[in-house]
Amino acid sequence: MKLILASQSPRRRELLERMGLTEFEIRPAAGEENASPDLTPAQLVEELSRQKAREIALTAEGDDVIIAADTVVAADERVLGKPHSTQEAQEMLRFLSGRTHTVYTGITVRRGEQELTQYEATQVLFRPLTEGEIAAYVATGEPMDKAGAYGIQGRGCVLVEGIRGDYYNVMGLPVCRLALMLREFGIEPLLRE
């Protein structure tokens, strides 16, 4: 049995290692995910993580365990993925400034035909940001590969006034929920040597 992370995110890799899961293969999904625009943010991340896991399952061995995840930020019915330009990153940060938003991560764990999909939601409060702070943060390049255009584990930590829920979910992988899901597949991170 191989453990496969269907992501190239260095943060997700780091979090798996923090869980004690050091033996895994990185095999990012390459396909274009498609989801209905009518889905809620929770349904969206679940569907996208499921699509990633199913893509990787096509090339996996029957007893391989696949972990796939997808993260978005949502506020006021607006879903924010990764920004495509510095201008879009600045717009996202302006939108989030001084307000609470929710970070959703969908996780799918799959082995053969057995599949389990769940999501985690964490509320994050940003302090009010100045235009200078937004421009300076975007200039670091950090926002460009992150949902909502910020990374709580990096320099974006200075934007966050508070959170309610799983901190690791905001990084892109709710490790407590994932550990409970892996238990359903006979994998106990705390009991592994």
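In this predicted model, a useful place to begin is a single pair of residues, for V73 has V103 of strand β5 as its bridge partner. That pair belongs to the contact between β3 and β5, two strands that run antiparallel and are joined over 9 bridges. A further pair between the two strands is made by A69, whose partner in β5 is I107. V103 also looks toward another strand, since its bridge partner in β6 is T122. Strands β5 and β6 are antiparallel as well, and 12 bridges join them. In the hairpin that these two strands form, 2 residues lie between the strands, and G112 takes a positive phi near 60 degrees.

Strand β3 has other partners besides β5. With strand β1, residues 3-5, β3 runs parallel and shares 3 bridges, and in this pairing I4 stands opposite I66. With β4, by contrast, β3 runs antiparallel, again through 3 bridges, and here A75 stands opposite R78. The hairpin of β3 and β4 has 2 residues between the strands, and in it D76 has a positive phi near 50 degrees. E77, in the loop between β3 and β4, also has a positive phi, near 70 degrees, although it is not a glycine. Most residues other than glycine have a negative phi. E77 has a relative accessible area of 84% and is therefore exposed.

How much of β3 is buried? The count is 11 of its 11 residues, and the burial extends to both faces of the strand, with V65, I67, A69, T71, V73 and A75 on one side and I66, A68, D70, V72 and A74 on the other. Strand β5 is also largely enclosed by the rest of the structure, because 10 of its 12 residues are buried.

The helices can be followed in a similar way. In helix α6, residues 175-183, the buried residues are V175, L178, M181 and L182. Viewed down the axis of α6, these buried residues fall within an arc of 120 degrees, so they line one face of the helix. An α-helix has 3.6 residues a turn, so residues three or four places apart point the same way. The elements that cover the buried residues of α6 include helices α1 and α5 together with strands β3, β5 and β6.

Helix α4, residues 131-139, has I134, Y137 and V138 as its buried residues. These residues cover an arc of only 95 degrees around the axis, which puts them on the same side of α4. Among what covers them is α3, residues 86-96. G141 follows α4 and has a positive phi near 85 degrees. In the loop between α4 and β7 lies A149, which has a positive phi near 65 degrees and is not a glycine. Is A149 buried or exposed? Its relative accessibility is 0%, so A149 counts as buried.

Two of the buried residues of α6, L178 and L182, reappear in the largest nonpolar core, where they are listed with L16, L93, F126 and Y150 as the residues that touch the most other members among 42. In soluble globular proteins, nonpolar side chains tend to be buried together. Setting aside residues up to four places away in sequence, F126 touches a set that includes L93, L96, H101, Y150, L159 and V160. Apart from the largest core lies another, made of 7 residues, among them A42, L44, L48 and A74.

L44, a member of that other core, is found in helix α2, residues 41-57. Because its relative accessibility is 16%, L44 counts as buried. Beyond its neighbours within four places in sequence, L44 is in contact with A35, L39, V72 and V79. The C-alpha atoms of L44 and Y119 are separated by 9.7 Å, while the two residues are 75 residues apart along the chain.

The last feature to examine is the largest pocket, which holds about 1000 Å³ of space. Its lining consists of 38 residues, and E33, K52, D70, T71 and K82 are those nearest its centre. The elements that give two or more residues to this lining are α1, α2, β3 and α5. Which element gives the most to the lining? Strand β3 does, with 5 residues.

Notes
Residues numbered from 1 in each chain as written. Predicted model: local features only at pLDDT ≥ 70, side-chain atom pairs only at ≥ 80, totals over all residues. Heavy atoms only, no water. Buried < 20%, exposed > 50% of the residue type's maximum accessible area, 1.4 Å probe, protein only. Helix = DSSP H or I, 4+ residues; strand = E, 2+ residues; numbered from the N terminus. Arc of directions from axis to C-beta. Contact = heavy atoms within 4.5 Å. Pairing = 2+ DSSP bridges. Core = buried A, V, L, I, M, F, W, Y, C linked by side-chain atoms within 4.5 Å. 1 Å grid on protein atoms, 1.4 Å probe; cavity = no way out; pocket = protein on both sides within 12 Å on 5 of 7 lines; lining within 4 Å. Points joined across faces, edges and corners; volume = space filled by probe spheres on them.
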